[in-house]
Amino acid sequence: MIDQPMTDQPTADRPVRVMVVDDHPMWRDAVSRDLAEAGLDVVATAGDGEEAVRRARACTPQVVVLDLNLPGLPGAEVCRQVVAHDPAVRVLVLSASGEHQDVLEAVKSGATGYLVKSAGREELLDAVRRTAVGDAVFTPGLAGLVLGEFRRLAAEPAPASAPAAPQLTARETEVLRLVAKGLSYRQIADRLVLSHRTVQNHVQNTLGKLQLHNRVELVRYAIEQGLDDEI
């Protein structure tokens with residue numbers, strides 16, 4: 001199977017477009033400044049939930065760095081509406097809360113990553129860049145929580161009317177199995193002796209076949225299929 005090129009990927013000439021949403025002006029400005037100084041394109045900021053939804057729809061960022069505690073609409077609802085409007089947008093939650101309930105609610109709302117605000121500047125920059133190319137990025141300890149929840153949901157009986165799974169190639173299945181185990185794209189590339197871009201292409205093809213929107217949904221699907229238990 002010939003890999004199809006991925007579109008709208010960040011390059012040196014096209015930096016990652018980021019939107020920062022936080023109700024604390026000083027924090028919002030500091031995060032925006034750090035991202036801009038690192039070469040990312042901060043296309044918008046917002047201080048409340050409703051403003052965030054409007055601006056995200058208007059400026060189409062690739063990554064939304066989103067606080068959960070917002071006036072107007074809560075962050076989880078902002079995430080849900082933004083992703084529903086444009087599934088290509090990836091949401092990285094940056095929150096003071098590390099509570100399990102908040103993490104799971106954010107992921108179920110469509111967030112592809114979750115950092116607590118104690119993260120350092122370089123950790124945040126790395127997380128935004130990785131989120132832009134499709135990695136699921138979590139503060140250490142939280143990724144296991146999310147995988148555990150997906151496994152719990154996968155153990156529940158499937159609906160009787162569930163459609164048959166589309167046919168994946170052997171390589172797509174191999175990549176999907178490693179995604180389900182929580183490996184990053186770079187780790188998968190190293191494991192399979194492939195380029196980072198080839199792994200991204202396989203994941204993108206698989207998302208299209210399965211009619212899924214992001215890596216988080218892909219992980220859940222893989223776990224439901226039992227791929228994370230395979231050797």
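**Entry 1. Helix α7**

I looked up the pair Glu174 and Arg171 in this predicted model and found that their side chains meet in a salt bridge, at 2.8 Å from N to O. Both residues belong to helix α7, which covers residues 170-180. They are three residues apart, about one turn of the helix. An α-helix has 3.6 residues a turn, so residues three or four places apart point the same way. I then checked the accessibility of each partner. Glu174 is partly exposed at a relative accessible area of 27%, and Arg171 is partly exposed at 31%.

**Entry 2. Helix α2**

I went on to the pair Glu51 and Arg55, whose side chains form a salt bridge at 3.0 Å, N to O. How many residues apart are they in helix α2? They are four apart, and because of that about one helical turn separates them. Helix α2 spans residues 49-59.

Is Glu51 buried or exposed? I noted it as buried, since its relative accessible area is 17% and the cut-off for buried is under 20%. Arg55 has 38% relative accessibility and counts as partly exposed.

I listed the buried residues of α2 as Gly49, Glu51, Ala52, Val53 and Ala56. Strands β1 and β2 and helix α3 are among the elements that cover them.

I also looked at the two ends of this helix. At the N-terminal end, Asp48 acts as a cap, with a side-chain oxygen 3.2 Å from the backbone nitrogen of Glu50. Just after α2, Thr60 takes a positive phi of about 40°.

**Entry 3. Positive phi**

Most residues other than glycine have a negative phi. I therefore wrote down two residues against that background. Thr60 sits in the loop between α2 and β3 and is partly exposed at 36% relative accessibility. Val193 is not a glycine either, and its phi is positive at about 55°. I placed Val193 in the loop between α8 (185-192) and α9 (196-210). Its relative accessible area is 73%, so Val193 is exposed.

**Entry 4. The Asp67 site**

I counted 10 salt bridges in the structure. One that I followed up is the pair Lys117 and Asp67, where the side chains meet at 3.6 Å, N to O. Which parts of the chain does this pair tie together? Lys117 is in the loop between β5 (113-116) and α5 (121-132), and Asp67 is in the loop between β3 and α3, so the pair joins parts that lie 50 residues apart in sequence. Asp67 is buried, with a relative accessible area of 5%. I also found Asp22 here: Asp22, Asp67 and Lys117 are linked in a network of salt bridges. Side chains of opposite charge can pair when their charged atoms come close.

**Entry 5. The sheet**

I traced an open sheet of six strands with parallel pairing, in the order β2-β1-β3-β4-β5-β6. Its edge strands are β2 (41-46) and β6 (137-138), each of which pairs on one side only. Strand β1, residues 17-21, pairs with β2 in the parallel sense over five bridges. To fix the register I looked for a residue of β2 opposite Val18, and that residue is Val42.

I then looked at two helices on the sheet. Helix α1 (residues 25-37) packs on the sheet and touches β1, β2 and β4 (90-95). The direction of α1 makes about 170° with that of β2. Helix α3 (residues 75-85) lies across β3 (63-66) and β4, and runs at about 170° to β3.

**Entry 6. Nonpolar cores**

I looked up the largest nonpolar core, which has 30 residues. Which of its members touch the most other members? They are Met19, Val21, Val64, Leu66, Val78, Val91 and Tyr114.

I picked Tyr114 for a contact list, leaving aside neighbours within four places in sequence. Tyr114 is in contact with Leu68, Leu92, Val93, Ser95, Ser97, Asp102, Val103 and Ala106. The list also includes Val137, Phe138, Thr139 and Leu142. Apart from the largest core lies another, of 21 residues, and I noted Val175, Ala189, Tyr221 and Ala222 among them.

Terms used. Residues are numbered from 1 along each chain as its sequence is written. This is a predicted model: local features need pLDDT of at least 70, side-chain atom pairs count only at pLDDT 80 or more; totals for chains, interfaces and linings use all residues. Side-chain values use heavy atoms; hydrogens and water are left out. Two strands pair if DSSP finds at least two bridges between them. Contact means heavy atoms within 4.5 Å. Axes are lines fitted to C-alpha atoms, for helices over the stretch in contact, and angles run from 0 to 180 degrees between N-to-C directions. A nonpolar core is a set of buried Ala, Val, Leu, Ile, Met, Phe, Trp, Tyr and Cys residues joined through side-chain atoms within 4.5 Å. Buried means under 20% relative accessible area, exposed over 50%, partly exposed in between (1.4 Å probe, protein chains only). A salt bridge is a side-chain nitrogen of Lys or Arg within 4 Å of a carboxyl oxygen of Asp or Glu. A polar contact is a pair of N or O atoms within 3.5 Å; within protein, one must be able to donate a hydrogen and the other to accept it, and residues adjacent in sequence count only if both atoms are side-chain atoms.
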